[in-house]
Structure formats: structure tokens, C-alpha cells
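Biologist: I am new to this structure and would be grateful for a close look at a single part of it. Please begin with that part and then set it in its surroundings.

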Amino acid sequence: MQRWIGWDKLKPTYRATLISECGIGNIVIDTTNLLADVNKLNNSLTFPVKAKFDPLLTSTLPTDWNNYRIRVRPDAWYNNYDGIKAGVFMDGGYFNYRHKIKAGFLLNTGIGSCCLPDSVDINKHDQASFLLSYETPLDFINKNFR
Amino acid sequence: MTDCSKACYTLNNFLKKETTKLFGYFKSMYRKNSSDASYLLYPSDWKTNLFNNTVTGGVSYKYSEIGYNGEMTAKITSSSIYSDYSFSPISFENVDHWRIGKLVWHNRIYAEYGTGLNRPLESSLYFAGSNPEDMMENAYTRSGGFVPRDWLGYSSETNHFQMGGGLNLRGYAGYVAPHNLNDQSQVFIYRGNSGAAINSELDFDELLRIAPRFTRNWLKIDSYIFADAGIMKINNEKKDFTFSNVRADAGIGFALTIKKWGAFNGIKPLTIRFDMPLFLNVPPALEEDYFKFRYVVGINRSF
């Protein structure tokens with residue numbers, strides 16, 4: 001392919017035509033990590049993601065420049081109406097900064113529920129609980145806005 | 001450069017600083033029926049089948065110099081689309097921390113002014129601590145199970161559970177705080193629309209270190225003296241600026257922080273606070289004594 005010489009608003013796009021008999025597995029730009037790119041998630045045709053099972057709850061998401069990182073772990077909690085809750089929790093993010101997602105799903109067992117007022121029907125608790133949160137910087141408004 | 005452009009230039013530089021953060025969010029809260037309210041620590045402070053939808057915007061600024069650091073936050077909230085309520089509070093908070101030799105001095109200044117026709121109870125300004133809406137942000141206070149039911153509720157006496165926030169006069173936790181009006185009637189000021197407070201804590205645990213060898217790596221004990229003072233705006237028909245008398249408390253407190261949970265590095269530290277507000281300048285009528293042994297338990301430091 002021809003070399004692409006561009007910077008910011010100088011030649012911002014590049015077009016090339018390739019004909020492949022066996023199909024295209026992936027297309028990647030800047031394979032040698034030469035550019036000071038703040039977002040490498042859009043440098044390839046396939047989304048660069050690495051997932052990890054993390055039962056011991058490492059403290060923070062890895063600050064990986066090349067991949068979106070996801071951690072999955074078992075989760076448990078308690079309240080006096082749902083009783084013991086058990087399920088899975090996942091969090092993900094790019095560089096622990098952009099597109100930060102948290103999601104959790106817990107089944108409420110009702111085991112161990114107690115100390116409720118007499119007027120409360122102990123069997124009317126929710127069958128499941130879920131959590132979904134998304135956070136990302138809104139750079140187009142202000143670089144410190146999220 | 002005109003005054004206006006100077007101001008814009010200063011504002012622009014302020015907003016570009018790494019220590020400045022602009023934030024905005026939309027929040028919707030809805031409890032369908034009474035069984036949804038059964039989860040709550042203060043079920044009577046929430047109404048069911050009503051949408052409490054709000055939009056919040058604000059700016060926070062962190063500062064740090066040798067010997068002190070802090071953060072100030074200004075925030076405005078307004079009830080929003082499809083909300084069953086109509087209210088709009090604006091608040092300012094400054095929290096700073098000063099190192100004075102082996103002492104650390106924490107201060108908080110908080111002021112809130114609220115307008116509107118019907119402010120939801122869960123989003124009101126509370127005299128003794130955080131409101132039920134803020135309690136939803138903490139996993140331990142989001143629903144019952146971790147706080148004894150006897151420590152909750154409001155009555156003519158003080159109680160034992162206090163969560164940092166609001167005007168944060170921790171000594172008045174669980175107390176309805178009656179205020180006598182000129183016409184001999186009485187209003188309760190334990191929650192309201194507007195108010196202001198100063199909170200102060202002086203950590204002295206470096207002078208009196210409590211760190212047994214077998215707990216040193218996973219447990220931290222902070223000890224401090226504290227004082228709080230605040231006023232609440234009285235809601236009346238004239239809608240003028242009438243405030244309650246200044247109420248204050250003071251005492252000594254301890255905060256136990258579990259720093260590490262064994263191999264589970266990702267679990268956040270948990271702080272259980274035990275404050276003894278030994279002095280109240282307006283004690284409940286049933287207690288009478290200004291100085292008395294009182295205690296409140298809370299989760300996390302109060303600010």
C-alpha cells in the first residue's frame with residue numbers, strides 16, 4: 001500500500017483498495033505503536049479487547065494502551081429483605097479512563113432475611129438485582145468534563 | 001482586555017486545569033410500591049409511585065499547597081423532565097485538610113439554598129447528616145441489614161446512626177430538632193430546604209498511636225475531636241429569610257478502618273466511625289444536660 005502522510009487536519013483520511021481471495025481477518029494501523037494515539041480502540045477492524053476472570057478482586061483495572069480490558073468475577077451481597085444475593089459482576093475500561101462500564105447481576109435467595117416490620121410480606125422481595133453504569137470523558141465539551 | 005474578556009480568560013484557564021472538574025448527570029428515582037420501600041433504612045422518607053427526576057451540573061476544584069489541601073464543589077440540581085416534584089437546590093462545599101505538626105485539621109463549610117414547591121423528602125437537606133438519596137450511593141446504607149433498626153428514625157430524643165452529609169451536625173442524629181416560632185407554635189428543623197454549617201475535626205492519632213502489631217497491617221484507628229455548628233432556614237408563609245438559632249455539638253470520635261481484606265485487594269477499605277457528641281448547645285428537652293454521654297455510629301468519616 002502507499003504510504004499515508006497525514007497529521008491532524010492535513011490529509012485526515014486515507015483510502016486504499018485491496019482484493020483478497022481468502023478474506024480479511026483484521027486491518028490494523030500503527031502496528032508498531034509509533035503514534036502518540038490517545039485512543040487505539042479504533043485502530044483496527046476488530047475491537048481490541050482482553051477479558052480476565054478475576055476472583056481475587058485486583059484493585060484497579062490494568063492501564064492497557066492497546067486493549068479494552070474487562071474483568072469478570074463472582075459477586076455476593078446481603079440485605080435484610082432479599083437475604084443473601086449471589087451472581088456475577090464485570091467491569092471494563094480503556095486505560096481505566098475511557099468507556100468505563102460496570103455491570104452486575106445478582107439472584108436474591110431470601111436466605112437470611114430478617115428484622116423486617118410485621119407489615120412487610122417476606123416473600124415479596126425482588127427476585128434479582130442488577131447494576132449498570134457507564135462513564136466516559138466528554139472531551140468535545142471540555143477536557144475535564146465527564 | 002475588557003473586564004468581561006478578563007473574566008472569560010480566567011474562567012477558561014480555570015476550566016482547563018487538571019484540578020478542575022466539570023460534571024453533569026441526570027438521575028431518575030422511582031419506587032413502585034410499598035414493598036420497594038421495605039428495603040430502605042428510612043421508608044417513611046420516600047414516597048411511592050412518584051418519579052424524582054433531576055438534572056445536576058457542577059464544578060469541583062482541587063487545590064494543594066505545602067501543609068494543606070482541599071476541594072471545593074459548587075453544584076446545582078433541578079427537577080427535570082417527567083418529574084412529579086418541583087424543586088431546585090444550589091449548594092457549595094469546601095473541605096480542606098491542614099497538617100499542623102503531628103495533628104491533622106479537617107474543615108468543612110457547607111451551604112445550600114433550595115427553592116421549589118414540593119421537594120421530595122429523600123432529597124431534602126438534613127440537619128444531622130446525609131439525606132436518604134445520598135445514602136443510596138453507599139452499599140451499606142442503600143438497604144437494611146447492616147444498621148440496627150433501633151438506631152434509625154426520628155423522635156424527641158437523639159439516636160445512634162449518623163451518615164456524613166447534609167449539615168452534618170452529628171450530635172442531633174435522630175432528633176426532630178424542634179424550633180419555637182414567635183406565635184408559640186413549633187416546627188421541626190431536622191430537614192429543610194436551606195441551611196449552612198461548619199464542621200471541624202482535629203486528628204490526634206499520631207500523638208496517641210493505637211496500632212497493635214497484629215492489626216497494624218490491616219486496621220487503622222483514627223482518633224479526633226470534633227465540633228459542628230449550623231443553622232437551618234425556617235419555612236414559613238412569608239417566605240422570608242428566617243433562620244433557626246445556631247445549634248452546635250462537640251465531642252471526641254474514633255474511626256476504625258479495615259484497610260485490607262486478606263487476598264481481596266480490590267475490596268475498598270471500610271471505615272466504621274464511633275463519635276461521642278458529649279456536648280450539645282440545644283439538647284433535647286428529655287435529656288436536659290448539655291454535657292452527657294451520647295454516641296453515634298456511622299460508616300465512613302463524616303467528611
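In what order do the ten strands of the open sheet in chain B stand, and is the pairing parallel or antiparallel?

Modeller: Please bear in mind throughout that this is a predicted model. The ten strands of the open sheet in chain B follow the order E1-E2-E3-E4-E5-E10-E11-E12-E13-E14, and their pairing is antiparallel. At the edges of this sheet stand strand E1 (20–30) and strand E14 (296–299) of chain B. Each of these two has a single partner strand, so one side of each is left without a neighbour in the sheet. Between neighbouring strands of the sheet there is an average turn of 20°, direction ignored.

The edge at E1(B) can be followed residue by residue. E1(B) runs antiparallel to strand E2 (residues 51–65) of chain B, and eleven bridges join the two. One pair may serve as a landmark: B:Ser28 has B:Asn53 in E2(B) as its bridge partner.

The sheet belongs to a chain with further elements. Chain B contains three helices and 14 strands. Its radius of gyration is 21 Å, close to the 19 Å that the globule rule gives for 303 residues, so chain B is as compact as a globular protein of that length. Taken along the principal axes, the C-alpha atoms of chain B fill a box of roughly 60 × 60 × 40 Å. Of the 303 residues in chain B, 29% are buried. Among the contacts in chain B with a separation of 6 or more, 61% are between residues 24 or more positions apart.

Chain A offers a second sheet to set beside this one. Chain A has five strands and zero helices, and its pattern along the sequence reads β-β-β-β-β. The radius of gyration of chain A is 23 Å, well over the 15 Å that the globule rule gives for 146 residues, so chain A is more spread out than a compact globule. The C-alpha trace of chain A spans about 75 × 40 × 25 Å along its principal axes. As for burial, 13% of the 146 residues of chain A count as buried. Where contacts in chain A link residues at least 6 apart in sequence, 37% of them join residues at least 24 apart.

The five strands of chain A form an open sheet in the order E1-E2-E3-E4-E5, and here the pairing is mixed. Its edge strands are E1 and strand E5 (128–135) of chain A, each of which pairs on one side only. From one strand to the next, the twist averages 20°.

Both senses of pairing can be traced through E2(A). Strand E1 (residues 49–53) of chain A pairs with strand E2 (residues 68–79) of chain A in the parallel sense, over five bridges. In that pairing, A:Lys50 has A:Arg69 in E2(A) as its bridge partner. E2(A) is also joined by eleven bridges to strand E3 (residues 83–94) of chain A, and these two strands run antiparallel. E2(A) and E3(A) form a hairpin, with three residues between them. Two positions help to locate the register of this hairpin: A:Ala76 has A:Ala86 in E3(A) as its bridge partner, and A:Pro74 stands opposite A:Val88 in E3(A).

To return to the part requested, the open sheet of chain B is antiparallel in its pairing, whereas the open sheet of chain A is mixed.

Technical notes. Residues numbered from 1 in each chain as written. Chains lettered and ligands numbered in written order. Predicted model: local features only at pLDDT ≥ 70, side-chain atom pairs only at ≥ 80, totals over all residues. Helix = DSSP H or I, 4+ residues; strand = E, 2+ residues; numbered from the N terminus. Rg over C-alpha atoms; globule rule 2.2 N^0.38 Å. Buried ≥ 20, exposed ≤ 12 C-beta atoms within 10 Å, placed from the backbone. Contact = placed C-beta atoms within 7 Å. Pairing = 2+ DSSP bridges. Axes fitted to C-alpha atoms, helices over the stretch in contact; angles between N-to-C directions.
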